Each structure stands twice: as structure tokens, then as C-alpha cells.
Amino acid sequence: MARTRAGGVWVGATAAMLLVAGCSVDGLLLGELTRDEHRVMPEPAAVILRGKAPGFQGAALRLWAGPTIAFSGKVDSEGTFALQTDGRSTLVGTVLEAQSGGRACLALVPELPAQTSVLNPERVVQLAEIAPGALEVGDVSTTAALVLLQRARIEGRELATIAPSSLVETLIDVDTRLRGGDPALTLALVAVQRVLSAGKAAPAAGAPFDPSPSALRLLRDAFAATSAVDADGNGAPDGDGAPFEAVITAAAAGVTFAACYTPGRIKVVLQVRLASDARDGNCEPIQPFLWADDKPGSQMFITGGVHKETPTCGAGRTAFCLQPGEIDAVNAALGNWVPNKVAMFDDGSHGDGAASDGIYTFAFEAPHWPAAAAPDGAGVRIAYKFTYGAQGQGWTGAEEFPGNQRILELDDRNNDHLIVRLDHFADETSNKDKANGLFTGCGKVTWAATAAAGCSSDSVERAIDLDGDCKVDGWPSAGKVAPLTVPCP
Ligand SMILES: [Ca+2]
Ligand SMILES: [Ca+2]
Ligand SMILES: [Ca+2]
Ligand SMILES: [Ca+2]
């Protein structure tokens, strides 16, 4: 971090972030669990987010994680707040909102750390130390938050998928330029100030801003229709959120998310959707419980390891290959083919996007090189399978299909510095390797570099059908997983 914030606030924040980077609550939870199998898994103590929101005494406080409100609280009578979170997982790219009547201010929180141990007491984090430009939740932090939200939307991303270090750098850049009088950002600030004063005069207009990534507009149409807001200053009430949107979009056009990515490593996000309405690659209904039992109390697990056709380092190969220790680490992360051991999450934690949407998530870190760069076109190759059962149960009645595995080459096809693969549980037409049911395939699936012409090689991350009409229309969301980054030189 080359730059420093006024009063040294920012220097302290960097040190605090480094402290939490190497240690996860999950590892300690597992340690606690295995020490005594009968012990109830302890919950970590809360992480408290403290800050100032002057002028918002008694206001409602909401922490938006994508489209959902992860935590809520209140601003106290002094205009300060202490928002309690559960400390269970690190939250990336959340938006804090203080709202009272027709007035609201926002602040973007790049990374709200989790507890580092279940044994730790409550942990207090100062907003000003983790969110550049948010010494207080006010018009400046609101402008920066809206501009970054809009920039992410322009790029088709959610804030949670942008590296926290990139969000930090971008907030510093926007804050610096805003205070330096950047014309487009100044117009955005003035528009925010106009919304604030219009909202003051129209308490019944309700919350002006919609921080959800699925929002139609950043400024709610209902607010603009109920208040007399003139965000673009053309002398006429706006009537809807479009004029405000245009001002913020113009400011966002001049912003880029900068980041430097960790060389040779990548975050892999494996997701599985368990649903009764899912359709396979032939557009036929999937029977999720053809092989697995639909027993009450069952949960989703993943298991797998490095595929044997991954290049290993040795006498004949010293580059684009895995060392034995790297293979062991990936095998361990994936559960090394022990069924019903490595849990997947559909509670919005551990990188999972929305809670309870039927999409379960497992994220891990792996070695990586672009497959096309290798002499034989081979990347890091893994195999995996989902099981739906009870912790410690065997294969029977739990595996999605027997005698086959799913195969995946870790090749970043959409250049987002992540490997994201969303499968449907028990889909026998996707990357199931041997007896594959895809009508237009060849009955089996192999690697992109070795697939025969006309045969399916559905063994990389790929765009999918997002809306259930059997037509491919986009890349799956990475949920709350951000790429691996290093501080830029
Ligand atoms: Ca207007
Ligand atoms: Ca989910
Ligand atoms: Ca990717
Ligand atoms: Ca579609």
C-alpha cells in the first residue's frame, strides 16, 4: 500500500487486514470438532462494525450483501453505530445503508473480516479503517458507493466478486478525485446531495437508494415519483430514477477496478443446484433422486481429487505440471474421494451467493496455468462428484450417479480470474465422464485438447442456461468468492 490516508487511519487498516488473512474460522472450528467428537461446534463471538453517521440519529442501519440484507441495526442518539455481525465469514463488497424517512446514506465496505478464532472475544472493526473515504457515512461515501456499484453493474459483476484490495484501491482513487474536483464525480456528488435534500422534504418517499445488484435503478422510481427530486438540476422534477442513473453512470464510466492477481494460483468455485425443476443438456427433466435417497436431514457434500491425467512434474517435465505436494493439497481440499465428508453451503456463507436458493457452494484454492500455454494443451485437471447424505455416510444412497465422475480442467475461459462451474445434481448430460447421456455428444466426455471432432468436451467452466429456457445465456455468478490477489507493486 503505497498511499496513506489522512491521520494514518489507512495504515492501521492494512495491518489489521494482514492479521486475518492467513487464518480462517473454519479451520479452527474443525480443530475444535475433531478434538472431541461429542462437543457441540462453538459459534464465534460477534464482529462489531463501528462508525459515524452524523445527522442519522435513530436511523435504520442495513448491511447489504448483494441482494440481501445480511445484518441490520440502528444508529444511536449520538449519530454513531455499532452494527453486530455473526463473525462467521468474511464479507466482501457489502454496502452499509443508514436510512431515516426519505433520507439515506451509503458506504461501501470492501472487506468485513470474520473472527479469526471461535475462542476470541467480540471483535470491533472501525468503518473508517476498512473503508477508504468513509470517515463518516455521508454524501461523499454515498457517492463513492453508488459509483462503484454502477461500475460493477456496467461490467456485469457483483461487488462481492471483486477482490477487496481492488475495491480499496478504487475507493481511494474515487475519494481522491472527488476531493480534487473531478467534474463527473462532482456532478454525482451534487446529485446525491439533491436526493438527500429532496428526501428530507418528503419523509414518506421512503428509502431513496436501492443497493441490490438486481435493482432496476440505483434511485428508486417510487422515491423520485413521490419526492420533488431534481437530480440532474435541469429545473424539472425527475419523476423517475433515470436522470439520477445517467449522472452516476457518467461518473462510473471514468472508473476502473484495478488489481494484481496471484500468479500460479486460482480460486475454484464448484456449485451444484439441487432442484426438482432442473433440466439437463437435452432439455429433459433431471431426476435428482434417481440414485441418491431423498432422506430428511441429508445435506450436500462434494468429494474428489486431482485427475490422473494431470501433468505431473518429473524427469520429462518441469513446467505446466504439478508437484506431489500440490497434488496432495488439492486432494485434501476436495476430500480425496471420501464421500459425505466435505460439506457444501447454501446458507450464504463460505462464498455461497444467496442463502437457501438451492445452489450449494464449495470454494477452494488450486494451482493454475492457462491450458493453452502448456505444450500439450493440458491444464490442472480435477475430478469430483456430489453426494447427498449424512456426514460420514458411505456412497450407497448418497452419490448422484455411480461408476462415473465429473471432470474439470481449471482453465479460466472468461478471464475473471476465477474458475466457476455450476452443475445440476444428478445431471447425466454434463461433465459426467463415462456413460454420458447428452444426445449430441459421444457418450463420454474428455478434455478440450484431446476431444474428437463433434464430441462433447464439457470439461471446463462454461456459460449456462440461467433462466431455465434451455438456451445458454450467461456465466454463472461466483457468489461471494473474489479472485486471489496480491498488493500491486
Ligand atoms: Ca430533473
Ligand atoms: Ca446458495
Ligand atoms: Ca473464469
Ligand atoms: Ca436461457
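## Exercises on a calcium site, a helix and two domains

In this predicted model, the calcium ion (ligand 3) is held at 2.2 to 2.6 Å by D412 (OD), N414 (OD1), D416 (OD), L418 (O) and, with two entries, E461 (OE) and E461 (OE).

### Exercise 1: the calcium site

Determine what geometry the six donor atoms of the calcium ion (ligand 3) form, and describe how the donors are spaced along the chain.

Step 1. The angles among the six donor atoms run from 52 to 163 degrees. Six donors count as octahedral if opposite donors are over 155 degrees apart and all others between 65 and 115, so the angle of 52 degrees fits neither condition and the site of the calcium ion (ligand 3) is irregular.

Step 2. Along the chain, the donors follow the pattern D-x1-N-x1-D-x1-L-x42-E.

Step 3. Buried means under 20% relative accessible area. With a relative accessible area of 16%, D412 is therefore buried, whereas D416, with 24%, is partly exposed.

### Exercise 2: the two faces of helix 9

Work out where the buried residues of helix 9 (residues 324-334) fall when seen down its axis, and identify what covers them.

Step 1. The buried residues in helix 9 are I327, V330, N331 and L334.

Step 2. Viewed down the axis of helix 9, these buried residues fall within an arc of 100 degrees, which means that they line one face of the helix. The general background is that an α-helix has 3.6 residues a turn, so residues three or four places apart point the same way.

Step 3. On the other side of helix 9, D328 and A332 are exposed.

Step 4. The cover over the buried residues of helix 9 includes strand 9 (265-273), strand 10 (299-306), strand 11 (342-343), strand 12 (359-367) and strand 13 (381-389).

Step 5. Just after helix 9, G335 adopts a positive phi of about 90 degrees.

### Exercise 3: cores and domains

Establish which residues touch the most other members in the largest nonpolar core, and how far apart the C-alpha centres of domain 1 and domain 2 lie.

Step 1. The largest nonpolar core has 68 residues, of which L49, L96, L112, L127, L146 and F244 touch the most other members. Leaving aside residues up to four places away in sequence, the contacts of L96 include L61, F81, L83, V109, L127 and V137.

Step 2. Apart from that core lies another, of 33 residues, among them I266, F362, V380 and A426.

Step 3. The domain assignment of the protein chain gives domain 1 (6-252) and domain 2 (262-489), and their C-alpha centres lie 33 Å apart. Ten residues from domain 1 and ten residues from domain 2 take part in the contact.

Notes:
Residues are numbered from 1 along each chain as its sequence is written. Chains are lettered from A and ligands numbered from 1 in the order in which they are written. This is a predicted model: local features need pLDDT of at least 70, side-chain atom pairs count only at pLDDT 80 or more; totals for chains, interfaces and linings use all residues. Side-chain values use heavy atoms; hydrogens and water are left out. Donors are N, O and S atoms within 2.8 Å of the metal (3.2 Å for Na, K and Ca); water is not among the atoms, so sites may look incomplete. Four donors count as tetrahedral if all angles lie between 85 and 135 degrees; four count as square planar and six as octahedral if opposite donors are over 155 degrees apart and all others between 65 and 115; anything else is irregular. Buried means under 20% relative accessible area, exposed over 50%, partly exposed in between (1.4 Å probe, protein chains only). A nonpolar core is a set of buried Ala, Val, Leu, Ile, Met, Phe, Trp, Tyr and Cys residues joined through side-chain atoms within 4.5 Å. Contact means heavy atoms within 4.5 Å. Helices (H or I, at least four residues) and strands (E, at least two) are DSSP runs, numbered from the N terminus. The arc is that of the directions from the helix axis to the C-beta atoms. Domain bounds come from an automatic or database domain assignment.
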